Amino acid sequence: ILGRLMSRHQPTITRVSSYKHRLLMLKAFELKKYGKSIVPGIRISVDNFANTLTPERLEDLVALYIYKKHPDYILLPSSCKVSRPMYEFDFVKNGSLPITCQVKNEAEISLEYYLNEKCYNKIYLFSNRWSNSKISTLKERCLNTCVEIITREDLFALLTGKDKLIDFR
């Protein structure tokens with residue numbers, strides 16, 4: 001919706017074919033014009049929240065997830081390069097190998113590219129296209145490697161503030 005409504009993100013008019021996107025756009029229009037909407041809202045859940053995020057926002061959520069698990073590491077902003085298609089960014093710590101991730105909302109990730117990687121302490125992978133049964137299979141294949149699969153439940157708990165990574169003491 002952001003891309004459709006703001007010319008700096010998408011300079012041309014494009015057809016909105018997704019039913020959910022049409023509903024969200026109609027709701028946004030009605031709220032702005034009339035202050036209320038008769039279009040039903042879409043309930044955000046663990047199954048659909050990633051679809052509502054832009055790729056950049058999903059990467060930000062994964063970065064927050066990594067930071068919460070590894071607070072002694074810092075994000076290296078210069079590592080966020082389009083020229084590195086296998087990795088989104090690096091977290092670094094003096095004297096340790098970096099931590100990185102790969103995040104896909106609309107595509108699968110090929111695990112084989114990452115299993116034998118020796119340049120990273122940890123590689124986090126998240127694909128919104130993986131089913132829960134596929135995630136279980138992938139987690140088994142990642143045992144004794146530096147690869148860790150992030151589940152939808154992990155990210156949704158962080159997004160909603162119900163994650164177990166935060167210490168509120």
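Start at the C-terminal end and select Gly161, which follows helix 6 and has a positive phi, near 80°. Helices here are DSSP runs of H or I with at least four residues, strands are runs of E with at least two, and both are numbered from the N terminus. The model is predicted, so local features need pLDDT of at least 70 and side-chain atom pairs count only at pLDDT 80 or more, while totals for chains, interfaces and linings use all residues. Residues are numbered from 1 along each chain as its sequence is written, and side-chain values use heavy atoms, with hydrogens and water left out.

**Whole chain**

Colour by secondary structure: the chain has six helices and five strands. Read from the N terminus, the order is α-α-α-β-β-β-α-β-α-β-α. Of the 169 residues, 33% are buried. Buried means under 20% relative accessible area, exposed means over 50%, and partly exposed lies in between (1.4 Å probe, protein chains only). A contact is a pair of heavy atoms within 4.5 Å. Among contacts in the chain with a separation of 6 or more, 46% are between residues 24 or more positions apart.

**Helix 6 and the cores**

Select helix 6 (152–160). Its buried residues are Arg152, Leu155, Phe156, Ala157 and Leu158. Show the neighbours as well: helix 3, strand 4 and helix 5 are among the elements that cover these buried residues.

Next, select Val62, Ile66, Phe126 and Leu155. In the largest nonpolar core, which has 20 residues, these four touch the most other members. The term nonpolar core stands for a set of buried Ala, Val, Leu, Ile, Met, Phe, Trp, Tyr and Cys residues joined through side-chain atoms within 4.5 Å. Helix 3, strand 3, strand 4 and helix 6 each give two or more residues to this core. Helix 3 gives the most, with six residues.

A second, separate core has 15 residues, including Ile109, Tyr120, Ile135 and Val147. Now centre on Phe126 and display its contacts. Leaving aside residues up to four places away in sequence, Phe126 touches Ala50, Leu58, Val62, Gln102, Val103, Lys104, Ile109, Ile150, Thr151, Arg152 and Leu155.

**Salt bridges**

Switch to the charged side chains. Side chains of opposite charge can pair when their charged atoms come close. The cut-off for a salt bridge is a side-chain nitrogen of Lys or Arg within 4 Å of a carboxyl oxygen of Asp or Glu. Over the whole structure, seven salt bridges are found.

Select Arg57 and Asp60. Their side chains form a salt bridge with an N to O distance of 3.3 Å. Both residues are in helix 3, three residues apart, about one turn of the helix. Arg57 counts as exposed because its relative accessibility is 52%, whereas Asp60, at 43% relative accessible area, is partly exposed. From Asp60, draw a C-alpha to C-alpha distance to Val103: the two are 9.9 Å apart in space and 43 residues apart in sequence.

Move to Lys69 and Glu148, a salt bridge whose closest N and O atoms are 2.9 Å apart. Lys69 is in helix 3 and Glu148 is in strand 5 (residues 147–149), so this pair ties together parts 79 residues apart in sequence. Lys69 is partly exposed, with a relative accessible area of 32%. Add Lys122 to the selection: Lys69, Lys122 and Glu148 are linked in a network of salt bridges.

Then select Glu106 and Arg129, where the closest N and O atoms of the salt bridge are 2.2 Å apart. Glu106 lies in the loop between strand 3 (99–104) and helix 4 (112–115), and Arg129 in the loop between strand 4 (122–127) and helix 5 (132–141), so the pair ties together parts 23 residues apart in sequence. Glu106 counts as exposed at 53% relative accessibility, and Arg129 as partly exposed at 42%.

**Second largest pocket**

Finish with the second largest pocket, whose volume is about 200 Å³. Of its 13 lining residues, Glu59, Cys80, Lys81, Tyr87 and Glu88 are the closest to the centre. A pocket is an open set of points on a 1 Å grid over the protein atoms alone, where a 1.4 Å probe fits, with protein on both sides within 12 Å along at least five of seven lines; lining residues have an atom within 4 Å of a point. Grid points are joined across faces, edges and corners, and the volume is the space filled by probe spheres set on them.

Colour the lining by class: seven residues are nonpolar, none polar and six charged. Here Ala, Val, Leu, Ile, Met, Phe, Trp, Tyr, Cys and Pro count as nonpolar, Asp, Glu, Lys and Arg as charged, and the others, Gly among them, as polar. Helix 3 (residues 55–69) supplies the largest share of the lining, three residues.
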